[in-house]
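The exercises below are meant to be worked through with the sequence and the model open side by side. Try each task before reading the solution that follows.

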Amino acid sequence: MTILVKIFGDLRKKIEGYNISDALPLNLQIESNGIDTIADILNKFSIEKEETYHLFVNGTYSGYNKKVKDGDRVGLFPKNMSLLYKWYFERNEDE
Amino acid sequence: MAKRILRVDMTKLEANFENFPADFAALGGRALTSTIVAKEVDPLCHPLGASNKLVFAPGLVTGTKAPTSGRISVGGKSPLTGGIKEANAGTTFAQKLGRMRIAAIVVEGKHEEDDYYLLKVTNDGTEFIKANKWSNKGLYDVYKELYKEFGDKVSISGVGIAAEIRGAASGICFNDPEGLPSRYAGRGGLGAVMASKGLKFIVVDETGAPGVEILNEEAFNMGVKKLTNALTSHDVTKPGGALNSYGTCVLVNIINEAGGLPQRNFSSGQDDRSEKVSGEVKAEEIKKRGGVRPHFCSPGCVIQCSEVWTKPGGKDPVGVLEFESVWALGPNCSIYDLDVIGELNRTCNDLGLDTIEAGDLLGVAMEGGLLEFGDGKGALKMLNEIKNKTPTGRILANGTAFTAQAFGVTRVPVVKGQGLPAYDPRAIKGIGVTYATTPQGADHTAGYAIATEIMGVGGTADPKDTNKSDLSRNLQLATAAIDAAGYCLFIAFAILDIPEGLEGVVDTLNGVLGASLTVNDVAGYGQQIIDTERAFNKAAGFTEKDDRLPEFFLKEPLPPHNEVFNVSDEELDKVWGT
Ligand code: SF4
């Protein structure tokens with residue numbers, strides 16, 4: 001069972017084994033085993049929290065502790081794309 | 001030399017410099033255009049008649065070395081909304097006016113014959129030149145000819161065929177640094193106002209210009225330093241930041257991921273084909289085909305969000321493909337091909353057509369059965385109807401609401417007659433409040449900027465709450481003030497997070513004006529502008545019923561979130577306390 005992780009902008013450069021000219025964006029289906037929250041996904045790819053800003057789970061603006069499950073779609077944007085959205089929404093969080 | 005106003009009487013074909021009134025000293029950009037329009041234009045006049053006026057005003061710091069400040073406001077009564085209008089562009093034209101100490105060009109009256117004129121403005125004089133030979137032609141060719149004739153140091157404002165047929169979707173065009181007709185004060189049909197007066201072009205030559213007067217150099221320089229530091233250190237605006245790397249199209253993936261990027265005439269908020277027209281894709285393509293990126297719309301911008309998009313092989317340069325344009329001519333029409341969008345954008349620029357309005361009107365034309373959604377070739381053909389001045393073309397050139405009415409479409413994405421930009425208000429409700437309540441008609445730039453906390457105006461709105469009135473009001477006030485100063489709205493991303501940045505803005509204003517404003521004065525300054533604009537609209541017949549979104553946003557849930565716009569009328573009316 002998998003989660004769709006979409007990685008945008010400069011964060012694509014963090015993931016090894018892909019040519020970023022072809023990864024527009026980088027779409028990865030990851031095993032949901034052992035993945036409970038967005039923070040776990042970041043961990044898996046060795047992405048620091050500070051390198052990200054906008055995080056979406058199924059289109060909902062989310063925080064690091066937002067829970068994720070099979071079939072979810074997760075969008076990760078780098079810090080340098082932190083424009084606009086944050087003024088209008090509060091992060092959805094679990095815990 | 002003191003600041004001055006250039007008054008252009010198109011009835012008599014006379015242009016004269018006047019003294020800049022002392023009580024206007026603190027006014028520039030939008031503050032000045034709206035003040036002059038409110039003072040001199042009868043709100044009940046016909047927008048295309050002799051009584052309307054068209055006002056060009058650079059911002060207060062425009063033309064100085066203040067970073068990212070090369071903006072101009074154009075104002076008048078809008079033939080699209082029937083209310084007051086300010087449209088904004090970044091261009092060397094603005095900077096030249098600033099350095100020539102021309103605070104405003106006021107175009108009035110109406111030439112009685114069918115002739116078109118070009119007005120040449122130099123530091124010490126003006127000249128009217130017959131421009132008929134440059135009418136009925138695409139602006140890309142015409143701008144080339146004009147640069148040949150007047151030399152490559154001039155800046156040019158002009159209107160195209162869409163304005164010649166008095167289309168309410170026509171914009172006012174300015175040159176980019178390459179001389180391409182690609183920087184637009186697009187919104188609200190002001191192109192038709194200019195053409196209605198018989199004025200086709202303004203060519204500005206700044207030779208001998210004295211430069212912007214700066215009364216307090218020390219304050220000014222300190223402000224430049226603070227703002228530059230903020231812009232070059234903030235992740236979004238710094239070199240290599242999102243705007244610099246990907247342009248405004250960085251928003252395509254963000255807004256699509258959020259489920260708020262309108263598709264197929266506002267019938268869905270997400271379609272992953274949008275990823276094919278994202279900022280990331282465009283940046284890759286530009287590298288491959290030999291366009292330019294990053295690039296600025298006017299020298300002195302440190303953000304440099306602009307670009308030159310071309311056909312493969314570097315042919316047929318278009319200029320910038322902005323986020324709003326790419327969305328309007330792309331996903332909103334179910335078109336997901338950057339080459340097609342580039343060609344549609346080039347055609348809009350060539351015709352002098354506002355790209356946002358063009359995408360919205362093509363969306364309703366598609367819904368009305370004039371052509372299929374996704375039909376890029378068909379869309380180009382439709383724009384050609386405008387070029388050929390056919391009856392269909394004349395309907396289309398009058399905008400989204402007019403087209404919808406002509407073809408029996410009821411999903412009409414307009415507020416006060418003006419087509420909506422690229423954020424669906426059902427998914428991003430805060431922007432919906434601004435669309436509804438700005439005096440400008442649906443306009444994303446009216447409330448793009450600045451968080452409430454740093455404004456010193458209180459009222460931190462909880463963004464999840466449908467109580468959005470405080471947030472929207474404060475955003476609108478700040479934006480109005482930025483427009484008046486002449487800064488590009490994109491500085492907002494940096495000065496939102498870095499307080500010294502906003503201080504820097506205020507310092508530069510103090511430097512130019514010899515004033516002692518503080519950050520706490522910004523909101524009051526913005527409020528004056530909005531009050532002036534709302535009073536004009538009220539006298540033109542607008543009521544709170546005009547501060548509403550179209551019915552379908554309240555009734556039709558938008559996938560994927562399946563939400564409607566649920567902000568109450570009372571909440572909307574609270575924005576301006578009516
Ligand atoms: S940020 Fe972009 S639009 Fe704004 S002034 Fe700079 S180049 Fe022009």
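**Exercise 1. Chain B as a whole**

What share of the contacts in chain B with a separation of 6 or more is accounted for by residues 24 or more positions apart? Describe chain B as well by its elements, its extent and its surface.

Solution. Keep in mind from the start that this is a predicted model. The share asked for is 71%, counted among the contacts in chain B with a separation of 6 or more. The next step is to list the elements, and here chain B has 22 helices and 17 strands. For the extent, a box taken along the principal axes and holding the C-alpha atoms of chain B is roughly 60 × 55 × 50 Å. Turning to burial, 67% of the 578 residues of chain B count as buried. The accessible surface of chain B is about 18500 Å², and carbon and sulfur atoms hold 48% of it. Finally, the charged side chains of chain B number 59 positive and 73 negative, with 3 Å between the centres of the two sets.

**Exercise 2. Two helices that meet**

Decide how helix 1 and helix 17 of chain B are oriented relative to each other, and name the residues that make the contact.

Solution. Begin by locating the pair: helix 1 of chain B covers residues 29-40, and helix 17 of chain B covers residues 469-485. Their axes come within 4 Å of each other and cross at roughly 95 degrees. Because angles of 65 to 115 degrees count as roughly perpendicular, helix 1 and helix 17 of chain B are roughly perpendicular to each other. On the side of helix 1 of chain B, the contact is made by B:Gly29, B:Arg30 and B:Ala31, and on the side of helix 17 of chain B by B:Ala480, B:Asp483 and B:Ala484.

**Exercise 3. A covered helix**

How many of the residues of helix 8 of chain B are buried, and what residue follows this helix?

Solution. Helix 8 of chain B spans residues 250-257, and eight of its eight residues are buried, which leaves the helix mostly covered. Among the buried residues of this helix in chain B are B:Val250, B:Leu251, B:Asn253 and B:Glu257. After helix 8 of chain B comes B:Gly259, with a positive phi near 80 degrees.

**Exercise 4. Backbone details**

Find where the cis peptide bonds before A:Pro25 and B:Pro294 lie, and then ask of B:Thr68 and B:Ser334 whether each is buried or exposed.

Solution. In chain A, the peptide bond from A:Leu24 to A:Pro25 is cis, its omega being near -5 degrees, and A:Pro25 belongs to the loop between strand 1 (2-7) and strand 2 (26-31) of chain A. In chain B, B:Arg293 and B:Pro294 are joined by a cis peptide bond with omega of about -5 degrees, and B:Pro294 is part of strand 13 (residues 292-295) of chain B.

The next step concerns phi. B:Thr68 is not a glycine, yet its phi is positive, about 60 degrees, and its place is the loop between strand 3 (54-58) and strand 4 (71-77) of chain B. With a relative accessible area of 4%, B:Thr68 is buried. B:Ser334, likewise not a glycine, has a positive phi of about 55 degrees, and it lies in the loop between helix 10 (323-329) and helix 11 (338-351) of chain B. B:Ser334 counts as buried at 11% relative accessibility.

**Exercise 5. Sequence distance and spatial distance**

For A:Lys13, B:Val224 and A:Ser62, work out how burial is assigned, and set a separation in sequence beside a distance in space.

Solution. A:Lys13, in the loop between strand 1 and strand 2 of chain A, has 55% relative accessibility and therefore counts as exposed, the cut-off being over 50%. From A:Lys13 to A:Gly34 there are 21 residues in sequence and 24 Å from C-alpha to C-alpha.

B:Val224 sits in helix 6 (residues 217-233) of chain B, and with a relative accessible area of 11% it is buried. B:Val224 and B:Val505 are 281 residues apart in sequence, while their C-alpha atoms are 7.6 Å apart. Not counting residues up to four places away in sequence, B:Val224 touches B:Lys65, B:Ala66, B:Pro67 and B:Thr508.

A:Ser62 belongs to the loop between strand 4 (60-61) and strand 5 (73-78) of chain A, and its relative accessible area of 0% makes it buried. A:Glu93 is 31 residues from A:Ser62 along the chain, and their C-alpha atoms are separated by 6.0 Å. Beyond its neighbours within four places in sequence, A:Ser62 has contacts that include A:Ile38, A:Phe56 and A:Asn92.

Conventions:
Residues numbered from 1 in each chain as written. Chains lettered and ligands numbered in written order. Predicted model: local features only at pLDDT ≥ 70, side-chain atom pairs only at ≥ 80, totals over all residues. Heavy atoms only, no water. Buried < 20%, exposed > 50% of the residue type's maximum accessible area, 1.4 Å probe, protein only. Contact = heavy atoms within 4.5 Å. Areas by Shrake-Rupley, 256 points an atom, 1.4 Å probe, with all protein chains shown as cover. Lys, Arg positive; Asp, Glu negative; His and termini not counted. Charge placed at Lys NZ, Arg CZ, Asp CG, Glu CD. Axes fitted to C-alpha atoms, helices over the stretch in contact; angles between N-to-C directions. Parallel < 35°, antiparallel > 145°, perpendicular 65-115°, else oblique.
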